[in-house]
Amino acid sequence: MKTPVIDQLLRRSGRSLLWAEVVELSLRALFTAVVVLFFAVVLDAGFGFHRYGLAALDTVLIAATVSAAWPLLKRARVGRFQARRTAVAVEGRLGIADNRLINALDFAAQGTAGVSPALCNEVIARGEAAAKSVGHERVTDTDALREAAKPAAVAVLALMLAYLVMPSVFHAVVPRLFEPFADHPPFTLVRFDVQTEPDPIYFGKPATIRVALAGPRLPEQSQIVFVDDGVKSAPLPMFRVSSPMGGASDNPSSETEAVHFAFRVDRADESRRFYIQTPHGRSRLHRLEVDTSPLIEKAQAVFKFPGYTGWPDAAGPLTSAGIQALTGTDVTLRVVSNVPLGVGELRLIPEGQGGVSAGHTVSLKPDSVDAHVAVAGFNLNLTGRFELSLLGADGKPGVETLEGRLRALPDRAPKIDIVYPDRQVVVPEGWRVDVEI
């Protein structure tokens, strides 16, 4: 026999009961998680745990959250619909004392075997009538939902208020809780304004790391610690310097004041991570970024003049003033850079031409002895301009291009003047006369 009205009521009521219970358990789990998280933040902000302490704190946080969520997980596991269990819950919630719904389900399942058909039909009819008189929305226990929602809402609002009041605490502690072994700095009231200069920092050039420290308690000393592949260097002292806006106070007492320290790197040969350490806390990790783009540190032109001149070879600095020599002179350019070089480019562009395809290109090749030197040679036979660009051994192009004029001077017959004696001179026969040309 069938009970369509009861079946529909129980299925709808079952869904309502399931979702109500899931929401209630979720709210209770949320309350527990928020409270435990708040206390974890407060504890780490106050004590600044080591990485193993953070791991233990995470373990407690996870265990408390799982314990609070366990009833929810258990309810989800047994969440399959069961008509009789749902009927018991509905009767208990609606106050049906004579078990009309349960009896109707039992008689419908049993049928008329061993039971009077009239009695069976009467029981099912009474159950169907009871199911028609109630709605599934009355089954949900809204009081229990409200009781679970109140503490959860208070906890969330309190956490949001704490974040608005102390954002720096959460910004410092929460990453440490999520990554206990990532070496995030503990919370500190000292504020770090770290800068590296110049910008960019080129390979092999000096650099300076500056930090301005501000806060209610200003440290009197500061150190820098480099972290290379997870290995920390010994702390290196930083030197107290004057503020860019004026001299630093010897006894800074106001939170708006700051003390300034600097550390000079004589030669920046690689990118490195570092943090600033003080007696009152340390900064997050920063990076000293080194640009390996090649720079032109020195350029020289060597001239080998045509053999008929008899002139010795000459050399001079190569500047934007350009190259000027007799036509047919062999010119060799030597360019010194701050990084090992790859094959660069020297473009020779005739006068009156332009564009990328103008002129012809000579390769600027690394010297076999010193990779920081690139060499290019050509025969000077045109007037125009040159463009010289470098390429690092790692494929990075140079940050600058050396340009200048080219001028090939045509050779001409010499102009001869006889300055002594005059055009006409009278001397005795056989007399020796000196001639100045």
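## A guided path through the predicted fold

The accessible surface of the protein comes to about 26,100 Å², and 57% of that area belongs to carbon and sulfur atoms. The model is a predicted one, and every value given here is computed from it. Within the protein there are 7 helices and 21 strands, while buried residues make up 35% of its 437 residues. When contacts with a separation of 6 or more are considered, residues 24 or more positions apart account for 65% of them.

A useful place to enter the fold is an open sheet of 9 strands, whose pairing is mixed and whose order reads S14-S13-S16-S19-S18-S17-S20-S21-S15. At its edges stand strand S14, covering residues 314–317, and strand S15, covering residues 323–326; each has a single partner strand, and therefore one side of each is left without a neighbour in the sheet. From one strand to the next the twist averages 25°.

Moving inward from the S14 edge, one comes to strand S13 (residues 296–304), which runs antiparallel to strand S16 (residues 329–337) and is joined to it by 8 bridges. Within this pair, Ala299 has Val335 in S16 as its bridge partner.

At the other end of the sheet, the edge strand S15 pairs with S21 in the parallel sense over 4 bridges, and here the bridge partner of Ala325 is Ala408 in S21. Strand S21 is also paired with strand S20 (residues 384–391), this time in the antiparallel sense and over 7 bridges, with Phe386 standing opposite Gly404 in S21. S20 and S21 together form a hairpin in which 5 residues lie between the two strands, and Gly395 in the turn has a positive phi of about 95°. As general background for inspecting these strands, side chains in a regular strand alternate between the two faces of the sheet.

Following the chain past strand S21 (397–409), one reaches the segment in which Ile437 lies. Ile437 has a relative accessibility of 72%, and because the threshold for exposure is over 50%, Ile437 counts as exposed. Ile437 also contributes to a nonpolar surface patch of about 830 Å², which is made together with Ile416, Ile418, Val425, Val427, Trp431, Val433 and Val435.

A contrasting environment is found at Phe274, which lies in strand S9 (residues 272–278). Its relative accessibility is 0%, and since buried means under 20%, Phe274 counts as buried. Leaving aside neighbours within four places in sequence, the residues in contact with Phe274 include Val194, Thr196 and Ile209, the run Ile224, Val225, Phe226 and Val227, and the further run Arg284, Leu285, His286, Arg287 and Leu288. For one of these contacts, Phe226, the C-alpha atom is separated from that of Phe274 by 4.2 Å, although the two residues are 48 residues apart along the chain.

The helical part of the model can be sampled at Ala149, which lies in helix H6 (residues 142–165). With a relative accessible area of 30%, Ala149 is partly exposed, because this value falls between the limits of 20% for buried and 50% for exposed residues. The C-alpha atoms of Ala149 and Ser26 are separated by 9.5 Å, with their positions 123 residues apart along the chain taken as the sequence distance.

Terms used
Residues numbered from 1 in each chain as written. Predicted model: local features only at pLDDT ≥ 70, side-chain atom pairs only at ≥ 80, totals over all residues. Heavy atoms only, no water. Pairing = 2+ DSSP bridges. Axes fitted to C-alpha atoms, helices over the stretch in contact; angles between N-to-C directions. Buried < 20%, exposed > 50% of the residue type's maximum accessible area, 1.4 Å probe, protein only. Patch = residues over 30% accessible without salt bridge, like charges linked within 9 Å, V, L, I, M, F, W, Y side chains within 5 Å. Areas by Shrake-Rupley, 256 points an atom, 1.4 Å probe, with all protein chains shown as cover. Salt bridge = Lys/Arg side-chain N within 4 Å of Asp/Glu carboxyl O. Contact = heavy atoms within 4.5 Å.
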